Amino acid sequence: MASVYRSEQARAEVRRWCVNRIEGSGLAQARSEVVTSAGITGVVTVGPEPRDGEPSVVLLPGTNMNAALCLPVAEAMGRERRVVVLDLPGQPGLSADRRPRAMRSSWYGKWLTEALERAVPGPVVVVGHSLGGAVALSSDCPQIVGRVLLSSAGIVRLRVPVPLLAATVPWLLRPTVARSTALVRRMAAPGQGHVPDWLGEWMDLVGRCCRTSLAPPPLPSGLLELRRSVPTLVVAGQFDPFLPPRHLGPAARHRLGAEFRVIEGAGHLLLDESPEAVLVAVREFCAARRTG
């Protein structure tokens, strides 16, 4: 099992950043932990108790992301329904720091099933971004009544165009805030002005303190075939450099039987670039998933 952190000091620095951000948001009382076979899982819960038959939304962040970075969209969703954000183990944040070198899909699937059973009573709609989308597909937990997959890994292989690679290599070799901000901008839509400044600061911290993980390969066709039994909406940004809609859309329909939607004017960072469009997509999807 490999740790995401370069040192214990790095782990402490990342954890302190996350805790301070959550406490500064006024949501400190919403932070908790559950124990799974993958170790401690950090949990942030906002919003009212679910009404009869109403699913909670469980948000799974992507690679190098966590609940502390999803607070604005979680708070906005939480005005309408219960929202639970789970930090993925093996990613920088408030969950356990180790991830397996092999069999990651089954490992994450087991983790998510356990985390849902222990952190969220009742039915859930899992909203997964990027790596979080692949993790959402890895679990067959019976609590899951729907999935909304945002710029999701696990369906097709991610692409890395040359301009994005050119921004990634300097960030990996010697991260700075400037290089981290340049990388974030390459992930967003061209000319995008709505990605927050602190995202570049966070990626600088990740570059200095963490061993970033590679994007997961597409999940096996047999597994995706099994996931057709649960309604799924796949959402992509119009200018996503990793997962262009022209590639992700047909694969989502063919391999997963999913509905597909494009968010105009957005890139890969949908939770930061187009939070309102994400809220609308999740709201409409959840409205059709009431079990009562």
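I began with Trp-202, which in this predicted model has 0% relative accessibility and therefore counts as buried, the limit being under 20%. I then looked up Trp-17, and at 22% relative accessibility I have to enter Trp-17 as partly exposed.

Next I searched the whole structure for aromatic pairs and noted 3 of them. Trp-17 and Trp-202 make up one of these pairs, with 4.7 Å from centre to centre and 40° between the planes, and I recorded the arrangement as tilted. Because Trp-17 belongs to helix H1 (residues 8-24) and Trp-202 to helix H7 (residues 197-209), this pair ties together parts that lie 185 residues apart in sequence.

I turned then to Tyr-108 and Trp-111, whose ring centres are 6.3 Å apart with the planes at 80°, so I entered this pair as edge-to-face. Where do Tyr-108 and Trp-111 lie? I found both in helix H3 (residues 104-119), 3 residues apart, which is about one turn of the helix. I also checked whether these two residues are buried or exposed, and my entry for both Tyr-108 and Trp-111 is buried. Looking at which residues group with them, I noted that Trp-107 joins Tyr-108 and Trp-111 in one aromatic cluster.

Last, I looked up a charge placed over a ring, and I wrote down that Arg-21 lies over the face of Trp-198, at 3.8 Å from the ring centre.

How values were computed: Residues numbered from 1 in each chain as written. Predicted model: local features only at pLDDT ≥ 70, side-chain atom pairs only at ≥ 80, totals over all residues. Heavy atoms only, no water. Phe/Tyr/Trp six-rings, centres within 6.5 Å; stacked < 30°, edge-to-face > 60°. Helix = DSSP H or I, 4+ residues; strand = E, 2+ residues; numbered from the N terminus. Buried < 20%, exposed > 50% of the residue type's maximum accessible area, 1.4 Å probe, protein only. Lys NZ or Arg CZ within 6 Å of the ring centre and 35° of its normal.
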